[in-house]
Amino acid sequence: MALSEEQLIAMYRALAGSRAAEQEITELNKQGVLQGHHSGLGHEAIGVGVGFAVRPDDCVQMSHRSGMMLAHARGGYSLTNAVLSQFGQAPSHYTQAEGGPRVCSIVGLVGTWVPMSVGVAMADRFRGKDTVTVSFFGDGAANEGAVHEAMNLAGSRRLPMVFVVENNGFAVSMPTSEATAAEDFASRAAGYGMPGVTVDGHDALAVYEVTTEAVARARAGRGPSLIEAVITRWEPHAHGIADLRSAEEMAQARTHDGAQILRSALIERGVLDEAAADAIQAEIDQEIAAALEQGRNAQAKQAESKQADPEPMTPAAAAALTYAE
Ligand SMILES: Cc1ncc(C[n+]2csc(CCOP(=O)(O)OP(=O)(O)O)c2C)c(N)n1
Ligand SMILES: [Mg+2]
């Protein structure tokens, strides 16, 4: 389905916004203001492209990279939320918002969430719904037994599913070329009896197109599909973990920028001009700056109240909180 001009502009807003929020959150982690983030810088076009291709009642199982972008693109999860949730001041994108688009969260063991999404698709079919379930996971997770079993089951039952492999070429420090002898992930789909396609994960419109086709196929009862979205992440696995890539390689990666690719495509189509794109960026920057100030203030207040209460808890008080009567 072709997107209207209004939807294309909304897509650009979602992509530029997700990028700016992710950039800010990544920086705050580098500065030590926040801790524990797995940066999704570079992944934004995947979450946004998929987010625009699904319905609110379709269930999307996020990954540890693309959850925020998906939540923001699907609607109801603002950039303010994205920043404030990192300070513990707003709900996380990992949880189901009341009345919000349907999500399925992840667990700490990579890949083990994929069979859960197959269960969601089975349950929806059992209940006679026409919904589709989308499951995100990485190239590392794709080599796990649970993921193979999940895709095999989805193929054999022709379940209404779309599997999205975010292939960044690494699982922490393990390059894909050492983890598998296969040339790509999309061709594995044949072994599960489903179509597979490789797409440039920096190109939101291309991701949107292949996902729309896969979702339509699943909704029509023609079974699951596998989408391999190839990307280069801009950051290492997580803050504090060494990156095996050279600075030159990283600088080169940043030139293939999903936000810039969509901006140029929309300008070329006459949907946006430089001034309109700049105005969108200015609104995004303003929203993020305000959220950042609110988050930092809340963090400072918390630090003050901790200093104001230096008395350690007595063992009796701790026991009273620990054991039920
Ligand atoms: C079963 C399991 N093994 C190892 C880990 C540690 N771990 C966390 S993320 C990760 C890498 C996952 O790589 P990939 O699936 O490619 O996703 P990426 O982080 O590259 O987006 C690993 C090994 C884990 N959480 N769970
Ligand atoms: Mg990976």
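## Two helix pairs and a ligand shell

H1 and H10 run roughly antiparallel to each other, because an angle over 145 degrees counts as such. Here the angle comes from a predicted model, in which the two axes cross at roughly 155° and come within 9 Å. To find the pair, look for helix H1 at residues 5-30 and helix H10 at residues 258-268. Their crossing is left-handed.

What holds the two faces of this pair? On the H1 side, the contact is made by Leu 8, Met 11, Tyr 12, Leu 15, Ala 16 and Arg 19. H10 answers with Gly 258, Ala 259, Leu 262, Arg 263 and Leu 266. Sort the residues of this contact by class and you get eight nonpolar, one polar and two charged.

Now step back to the whole protein chain. It has twelve helices and eight strands. Its C-alpha atoms fill a box of roughly 65 × 60 × 45 Å along the principal axes. A compact globule of 325 residues would have a radius of gyration near 20 Å, and the protein chain has 21 Å, so the two agree.

Next, turn to a second helix pair: helix H2, residues 44-51, and helix H8, residues 204-219. These two pack with their axes 8 Å apart, at an angle of about 40°. That angle makes H2 oblique to H8. As for handedness, H2 passes H8 in a right-handed crossing.

On H2, the residues to pick out are Ala 45, Ile 46, Val 48, Gly 49 and Val 50. They meet Ala 204, Val 207, Tyr 208 and Thr 211 in H8. Here the residues of the contact come out as seven nonpolar, two polar and no charged. So far as charge goes, then, you can set the two contacts side by side: two charged residues where H1 meets H10, and none where H2 meets H8.

Last stop, the ligand. Which residues are closest to ligand 1? They are Leu 109, Gly 138, Gly 140, Ala 141 and Ala 171, out of 15 residues that surround ligand 1. If you prefer to start from secondary structure, go to strand E3 (133-138) and strand E5 (170-171), the elements that give two or more residues to this shell. And what is the shell made of, class by class? The residues around ligand 1 divide into seven nonpolar, five polar and three charged.

Methods. Residues are numbered from 1 along each chain as its sequence is written. Chains are lettered from A and ligands numbered from 1 in the order in which they are written. This is a predicted model: local features need pLDDT of at least 70, side-chain atom pairs count only at pLDDT 80 or more; totals for chains, interfaces and linings use all residues. Axes are lines fitted to C-alpha atoms, for helices over the stretch in contact, and angles run from 0 to 180 degrees between N-to-C directions. Helices (H or I, at least four residues) and strands (E, at least two) are DSSP runs, numbered from the N terminus. Angles under 35 degrees count as roughly parallel, over 145 as roughly antiparallel, 65 to 115 as roughly perpendicular and the rest as oblique. A crossing is left-handed if the near helix is turned anticlockwise from the far one by less than a right angle, and right-handed if clockwise. Two residues are in contact if their C-beta atoms, placed from the backbone, lie within 7 Å. Ala, Val, Leu, Ile, Met, Phe, Trp, Tyr, Cys and Pro count as nonpolar, Asp, Glu, Lys and Arg as charged, and the others, Gly among them, as polar. A residue is near a molecule or strand if its C-beta atom, placed from the backbone, lies within 6 Å of it. The radius of gyration is taken over C-alpha atoms; the globule rule is 2.2 Å times the number of residues to the power 0.38.
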